[in-house]
Amino acid sequence: MLYNTKVRFDFIKHRKKFFMFSMILTLIGILSVSIFHMNFGVDFKAGTNMDILVGKKITQVEAKEILAGQGYTNIKTTVGGSNGDRVSARFDEVLDQAKVQAVEDAFKAKYGDKVSSEVNVVSPDMAQELGVKAIYAVIIASVAIMLYVMIRFEWRMAVAANIAILYDAFVVVTIFSIFRLQVDLPFIAAVLTTIGYSINDKIVIFDRIRENLRFSKTKSPDQIGDLVNQSLWQTMARNVYTVLAVLLIAVCLFIFGSESIKLFALAKMIGLASGAYSSICIASPLWMVMKSKQKPSTKQAAKKAV
């Protein structure tokens with residue numbers, strides 16, 4: 001017998017609980033996004049980003065004091081550079097040349113004439129275009145993955161995998177919406193890489209399921225469920241180690257990284273955790289449900305009749 005029915009934990013048996021939990025979380029996410037929307041950063045709404053090279057070491061407190069003197073009290077600033085001499089400030093409005101010059105002059109008044117700045121302005125049209133392209137990127141990635149899995153495996157696995165990876169992406173969106181975390185271009189990069197890591201786990205599991213199907217004579221839904229459970233446990237160690245390795249890196253980036261990369265790392269951490277969950281608790285049980293409803297082929301029906 002290829003697989004053991006006495007599995008340590010029966011994921012298939014508890015699939016309805018996993019489906020219910022996932023649907024509730026998805027509903028909460030839909031309500032949150034619909035009511036509170038997303039906290040878009042300057043990349044997805046009109047605004048100005050100034051990178052100011054001071055030439056001397058500066059702290060965030062000093063930078064915020066200078067900006068507050070110009071009337072900007074709620075500006076997100078990041079101090080970086082090789083010697084802590086560069087300030088990145090994000091403004092929620094499009095600054096004209098006079099306001100940009102006033103900010104630069106305020107830094108020059110304290111740190112000298114060597115102060116220089118680089119200004120990036122996102123217009124309303126550009127912000128809208130970036131948002132649309134971000135949505136297209138997620139859709140194109142999902143469709144490409146579905147086509148690959150459909151060709152490489154079968155359409156049921158493709159549907160199950162795509163539903164699961166879209167769920168993973170939406171979990172990240174939900175968490176950022178609920179806690180009002182800023183959404184910018186690094187966030188989109190985190191969502192796309194989440195999709196990539198998520199599909200990797202699902203491909204590993206589906207490949208083992210397909211291999212086990214070749215050497216088993218599954219007839220009833222219970223037998224298919226036992227096979228899926230065994231396949232999950234056979235690939236569990238590999239998937240867990242892979243996720244933990246990447247998760248460890250993401251945690252280090254979140255703890256030790258600069259302010260500009262913390263939200264990217266956080267989105268990665270959420271996506272990795274969700275991807276590991278969906279591979280085991282959504283994609284595989286969902287495939288099992290669809291596979292169990294498959295009607296026997298004409299040849300199989302003829303053999304049973306004989």
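Student: Why is Phe91 called buried?

Tutor: Set its value against the cut-off: buried means under 20% relative accessible area, exposed means over 50%, and partly exposed is in between (1.4 Å probe, protein chains only). Phe91 comes out at 0%, so it counts as buried. Keep in mind that this is a predicted model: local features need pLDDT of at least 70, side-chain atom pairs count only at pLDDT 80 or more, and totals for chains, interfaces and linings use all residues. Residues are numbered from 1 along each chain as its sequence is written, and side-chain values use heavy atoms, with hydrogens and water left out.

Student: What makes Tyr72 buried or exposed?

Tutor: The relative accessible area of Tyr72 is 13%. That falls under the 20% limit, so Tyr72 is buried.

Student: How many aromatic pairs does a search of the whole structure find?

Tutor: It turns up 8. Rings of Phe, Tyr and Trp (its six-membered ring) pair if their centres lie within 6.5 Å; planes under 30 degrees apart are stacked, over 60 edge-to-face, and the rest tilted.

Student: Why is the pair of Tyr72 and Phe91 called edge-to-face?

Tutor: Their ring centres are 5.0 Å apart, within the limit, and their planes sit at 75°, over 60, so edge-to-face it is. Tyr72 is in the loop between helix 2 (60-69) and strand 3, while Phe91 is in strand 4, so the pair ties together parts 19 residues apart in sequence. Helices (H or I, at least four residues) and strands (E, at least two) are DSSP runs, numbered from the N terminus.

Student: And why is the pair of Phe176 and Phe187 called tilted?

Tutor: The centres are 4.7 Å apart, but the planes are at 50°, neither under 30 nor over 60, so the pair is tilted. Phe176 belongs to helix 5 (residues 155-178) and Phe187 to helix 6, so parts 11 residues apart in sequence are tied together. Phe176, at 0% relative accessibility, counts as buried, and so does Phe187, at 4%. Elsewhere, ring pairs link Phe18, Phe21, Tyr167 and Tyr277 into a cluster.

Student: How do you know that strand 2 and strand 4 are paired?

Tutor: Two strands pair if DSSP finds at least two bridges between them. Strand 2 (residues 47-53) and strand 4 (residues 86-91) have 6 and run antiparallel, so they qualify. Among those bridges, Leu53 partners Arg86 and Met50 partners Ala89. Strand 3 and strand 4 also pair in the antiparallel sense, over 5 bridges, with Arg86 as the bridge partner of Gly80. These two strands form a hairpin with 5 residues between them, and Gly81 in the turn has a positive phi of about 90°.

Student: What makes strand 3 and strand 5 edge strands?

Tutor: The open sheet has 4 strands in the order 3-4-2-5, with antiparallel pairing. Strand 3 (76-80) and strand 5 (116-122) each pair on one side only.

Student: Which residues line the largest cavity, and how do you know that they do?

Tutor: They are Tyr197, Asn200, Asp201, Thr242, Val243, Val246 and Leu272. A cavity is a set of points on a 1 Å grid over the protein atoms alone where a 1.4 Å probe fits but cannot get out, and lining residues have an atom within 4 Å of a point. Helix 6 (185-214) and helix 7 (221-256) each give two or more residues to this lining. The cavity's volume is about 30 Å³, where volume is the space filled by probe spheres set on the points, which are joined across faces, edges and corners.

Conventions
1 Å grid on protein atoms, 1.4 Å probe; cavity = no way out; pocket = protein on both sides within 12 Å on 5 of 7 lines; lining within 4 Å.
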